[in-house]
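Here are my notes on the model you sent, set out as numbered points so that each can be checked against the coordinates.

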Amino acid sequence: MVKVYAIDGVTPVVHPSAYVHPDAVLIGDVIVGPRVYVGPAACLRGDFGRIVIEEGASIQDTCVLHAFPDRDLVVESDAHIGHGAVLHGCVVKRDALVGINAVVNDNAVVGEQAIVAAMAFVKADFVVPPRTLAAGVPAKVLRELSAGEIAWKRDATRGYQELAVRSLATLREASALSAPEPGRRRMPVTAGSTPLSEMKAKAK
């Protein structure tokens, strides 16, 4: 059961093909599109302004999203928001990635197919150009992304799109086992299973 809360008569919208973990929280003017994944403990708080998550995007566990009354916070199609990231009153364009524990602040724009590195702070009004890497505190544009890095990001996003399907089909509350069963199987290998560092090492 998705945990959603209406406020001032406005109720979150979740497309039937999206997966929102029961421990995520959606409040007010939040619109979650098709094939979206929203992880556990994510908070999408649309009690001031609208939050729009477009088709195929992923919002991973413990992310926080909040918007202003007079503009929308938008995560465009196939964008990828890493664990613990904070988005505030910003726009993340199509096929972009915001890394683990990064912060994207008011009125900032992360361009199409751009990557914001883990732990980066994208300050208010900053624009990360398309297909570039931004890193640091405050974030600066370091360089253009390689074709391999863009392909790796797409694979990672596809893995979360597959996870939305897997979760809708099989994720259920359960009781813990007291010990591993004999021959315990591992999770299936899916798209996006390779860390970026390993992808780069293989490319050398």
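1. Valine 13 has isoleucine 31 of β4 as its bridge partner, and this pair belongs to the contact between strand β2 (residues 13–14) and β4, where two bridges join strands that run parallel. Strand β1 (residues 4–5) also runs parallel to β4 and is joined to it by two bridges, with tyrosine 5 standing opposite isoleucine 27. Please keep in mind throughout that this is a predicted model.

2. Is β4 enclosed or open to its surroundings? Six of its eight residues are buried, so the strand is largely enclosed by the rest of the structure. Apart from β1 and β2, strand β4 (residues 25–32) pairs with strand β6 (residues 43–53), the two running parallel and being joined by seven bridges. Within that pairing, isoleucine 27 stands opposite arginine 45, and valine 30 stands opposite isoleucine 51. Isoleucine 27 of β4 therefore faces two partners that can be inspected together, namely tyrosine 5 and arginine 45 of β6, where "buried" as used for β4 means under 20% relative accessible area.

3. Strand β6 continues the parallel pairing, since it is joined over three bridges to strand β8 (residues 64–66) and over three bridges to strand β9 (residues 73–75). On the β8 side, cysteine 43 stands opposite valine 64, while on the β9 side the bridge partner of isoleucine 53 is valine 75. When looking at these strands, it is useful to recall that in a regular strand the side chains alternate between the two faces of the sheet.

4. A separate point concerns an open sheet of eight strands, whose order is β3-β5-β7-β10-β13-β16-β19-β20 and whose pairing is mixed. Strands β3 (19–20) and β20 stand at the edges of this sheet, and because each has a single partner strand, one side of each is left without a neighbour in the sheet. At the β3 edge, two bridges join β3 to strand β5 (residues 37–38) in a parallel arrangement, and tyrosine 19 stands opposite tyrosine 37 of β5.

5. At the other edge, strand β19 (residues 132–135) runs antiparallel to β20 and is joined to it by four bridges, with leucine 133 standing opposite arginine 143 of β20. How many residues of β20 are buried? Among the five residues of this strand (residues 140–144) the count is zero, and the strand is hardly covered. This contrasts with β4, where six of the eight residues are buried.

6. The connection between β19 and β20 deserves a careful look, as the two strands form a hairpin with four residues between them, and glycine 136 in the turn has a positive phi of about 105°. Proline 138 lies in the same loop, between β19 and β20, and the peptide bond from valine 137 to proline 138 is cis, with omega near -5°. For background, most peptide bonds are trans, and most residues other than glycine have a negative phi.

7. Which residues have a positive phi although they are not glycine? Among them are threonine 62, at about 65°, and asparagine 101, at about 60°. Threonine 62 is found in the loop between β7 (58–59) and β8, and it counts as partly exposed because its relative accessibility is 43%. Asparagine 101 is placed in the loop between β13 (97–98) and β14 (103–104), and with a relative accessible area of 41% it is likewise partly exposed.

8. As for the protein as a whole, it has two helices and 20 strands, and buried residues make up 43% of its 204 residues. Its radius of gyration is 17 Å, which agrees with the value near 17 Å that a compact globule of 204 residues would have. Among contacts between residues at least 6 apart in sequence, 14% join residues at least 24 apart. The exposed area is about 10600 Å², of which carbon and sulfur atoms supply 57%.

9. A last remark concerns charge: the protein carries 22 positive and 22 negative charges, and the mean positions of the two sets are 7 Å apart.

Note on methods:
Residues are numbered from 1 along each chain as its sequence is written. This is a predicted model: local features need pLDDT of at least 70, side-chain atom pairs count only at pLDDT 80 or more; totals for chains, interfaces and linings use all residues. Side-chain values use heavy atoms; hydrogens and water are left out. The radius of gyration is taken over C-alpha atoms; the globule rule is 2.2 Å times the number of residues to the power 0.38. Buried means under 20% relative accessible area, exposed over 50%, partly exposed in between (1.4 Å probe, protein chains only). Contact means heavy atoms within 4.5 Å. Accessible areas come from the Shrake-Rupley method with a 1.4 Å probe; for residues, only the protein chains shown count as cover. Lys and Arg count as positive and Asp and Glu as negative; His and the chain ends are not counted. The place of a charge is taken as NZ of Lys, CZ of Arg, CG of Asp or CD of Glu. Two strands pair if DSSP finds at least two bridges between them.
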